[in-house]
Amino acid sequence: MTPRLLRSLDVPPQRWRNGGGLTRELFAWPEAAAAWQVRVSVADVDADGPFSAYPGVQRWFTVLKGAGVELTVGSKAHRLERGDAPVCFAGDTPTGCRLLDGPTQDLNLMLRQATGGMASATDGQAWTPNAAQCGLFTAVAGRCEAGTQTLEVPAYALLWFDPAPPSLRFTAGQRPAALIGWWLAASPGGAPA
């Protein structure tokens with residue numbers, strides 16, 4: 001199947017469930033269902049405040065742009081700056097966000113009745129998704145190799161594969177690129193492919 005390419009700037013923003021910020025939903029599966037199992041979004045956080053509650057959802061969060069945030073998940077604080085590893089937490093745990101130095105833009109992976117995760121991508125290194133579906137969210141433009149296909153991917157875009165290929169490799173188009181993107185994996189129904 002041909003992968004889907006979605007640039008974050010091409011997706012119109014929507015208000016958060018709690019009204020505290022804006023989000024761009026890049027991908028949701030299944031698309032027609034009100035209760036998605038897999039969701040990838042980019043959020044604009046302009047002020048301190050609580051995150052929306054998502055009972056039964058496992059969330060991954062990382063900073064794309066800006067100085068960073070301090071997330072307080074339950075009673076535990078996580079300081080996250082651009083380039084830090086994603087944080088995983090339960091969507092029903094009360095979560096507050098404090099901006100470190102101005103607005104941020106952040107990447108979210110949410111899974112409901114699904115397994116998977118988010119990991120930082122390394123320039124030129126192969127990645128094996130071990131999932132039914134997978135994606136790459138880029139911080140810089142570059143090329144993604146998926147089997148015999150080579151795909152050009154712009155910066156701040158999501159490339160989503162369903163089904164997931166056996167392995168992927170992303171090579172940044174600019175050097176040096178300390179932060180190039182994130183791998184996303186999801187197996188709806190809770191079991192890997």
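Two strands count as paired here if DSSP finds at least two bridges between them. With that in hand, take the first sheet of this predicted model. Four strands form an open sheet, in the order β13-β18-β15-β16, and their pairing is antiparallel. β13 (126-127) and β16 (149-153) stand at the edges. Each has a single partner strand, so one side of each is left without a neighbour in the sheet. Strands of a sheet pair through backbone hydrogen bonds, either parallel or antiparallel.

Look at the β13 edge. Two bridges join β13 to β18, residues 168-172, and the two strands run antiparallel. Tryptophan 127 stands opposite leucine 168 of β18. Tryptophan 127 also appears among the contacts of leucine 184.

Now move to strand β7, residues 69-73. Its side chains alternate. Val69, Leu71 and Val73 point to one face and are buried. Glu70 and Thr72 point to the other face and are not buried. Which strands pair with β7? One is β8, residues 76-80, joined to β7 by five bridges in an antiparallel arrangement. In this pairing, leucine 71 stands opposite histidine 78. The other is β10, residues 95-99, which pairs with β7 over five bridges, again in the antiparallel sense. Here glutamate 70 stands opposite arginine 98. β7 and β8 also form a hairpin, with two residues between them. Glycine 74 sits in that turn, with a positive phi of about 65 degrees.

Positive phi also turns up outside glycine. Most residues other than glycine have a negative phi, and most peptide bonds are trans. Glutamine 113 has a phi near 55 degrees. This residue lies in the loop between β11 (104-112) and β12 (114-120). Is glutamine 113 buried or exposed? Its relative accessible area is 60%, so glutamine 113 counts as exposed. Asparagine 130 has a positive phi of about 50 degrees and is not a glycine. Its place is the loop between β13 and β14 (133-138). Asparagine 130 is exposed too, because its relative accessibility is 56% and the cut-off is over 50%.

Two peptide bonds are cis, and both lead into prolines. The bond from tryptophan 29 to proline 30 has omega near -5 degrees. Proline 30 lies in the loop between β3 (22-29) and β4. The bond joining aspartate 162 and proline 163 has omega of about 10 degrees. Proline 163 lies in the loop between β17 (157-161) and β18. That loop leads the reader back to the open sheet, where β18 comes between β13 and β15 in the order.

Next, two buried residues. Leucine 184 lies in strand β19, residues 181-188. Its relative accessibility is 0%, so leucine 184 counts as buried. Residues up to four places away in sequence aside, leucine 184 touches Val40, Leu109, Gly117, Met118, Trp127, Gln133, Cys134, Gly135, Leu158 and Trp160. Alanine 35 is 149 residues away along the chain, and its C-alpha atom is separated from that of leucine 184 by 20 Å.

Aspartate 44 is found in strand β4. Is this aspartate buried or exposed? Its relative accessible area is 15%, and buried means under 20%, so aspartate 44 is buried. What joins its side chain to that of arginine 24? A polar contact of 2.7 Å does. Aspartate 44 touches Arg24 along with Trp16, Gly21, Leu22, Thr104 and Gln105, again not counting residues up to four places away in sequence.

β4 also matters to the last stop, the largest pocket, as a source of lining residues. The volume of this pocket is about 210 Å³. Its lining comprises 16 residues. Trp16, Thr23, Arg39, Tyr54 and Met110 lie nearest the centre. Trp16 is also one of the residues that aspartate 44 touches. Which strands each supply at least two residues of the lining? They are β2 (14-15), β4 (38-45), β6 (57-65) and β11 (104-112). β4 gives the most, with four residues. By character, the lining divides into seven nonpolar, five polar and four charged residues.

Notes: Residues are numbered from 1 along each chain as its sequence is written. This is a predicted model: local features need pLDDT of at least 70, side-chain atom pairs count only at pLDDT 80 or more; totals for chains, interfaces and linings use all residues. Side-chain values use heavy atoms; hydrogens and water are left out. On a 1 Å grid over the protein atoms alone, a cavity is a set of points where a 1.4 Å probe fits but cannot get out, and a pocket is an open set with protein on both sides within 12 Å along at least five of seven lines; lining residues have an atom within 4 Å of a point. Grid points are joined across faces, edges and corners, and a volume is the space filled by probe spheres set on the points. Ala, Val, Leu, Ile, Met, Phe, Trp, Tyr, Cys and Pro count as nonpolar, Asp, Glu, Lys and Arg as charged, and the others, Gly among them, as polar. Buried means under 20% relative accessible area, exposed over 50%, partly exposed in between (1.4 Å probe, protein chains only). Contact means heavy atoms within 4.5 Å. A polar contact is a pair of N or O atoms within 3.5 Å; within protein, one must be able to donate a hydrogen and the other to accept it, and residues adjacent in sequence count only if both atoms are side-chain atoms.
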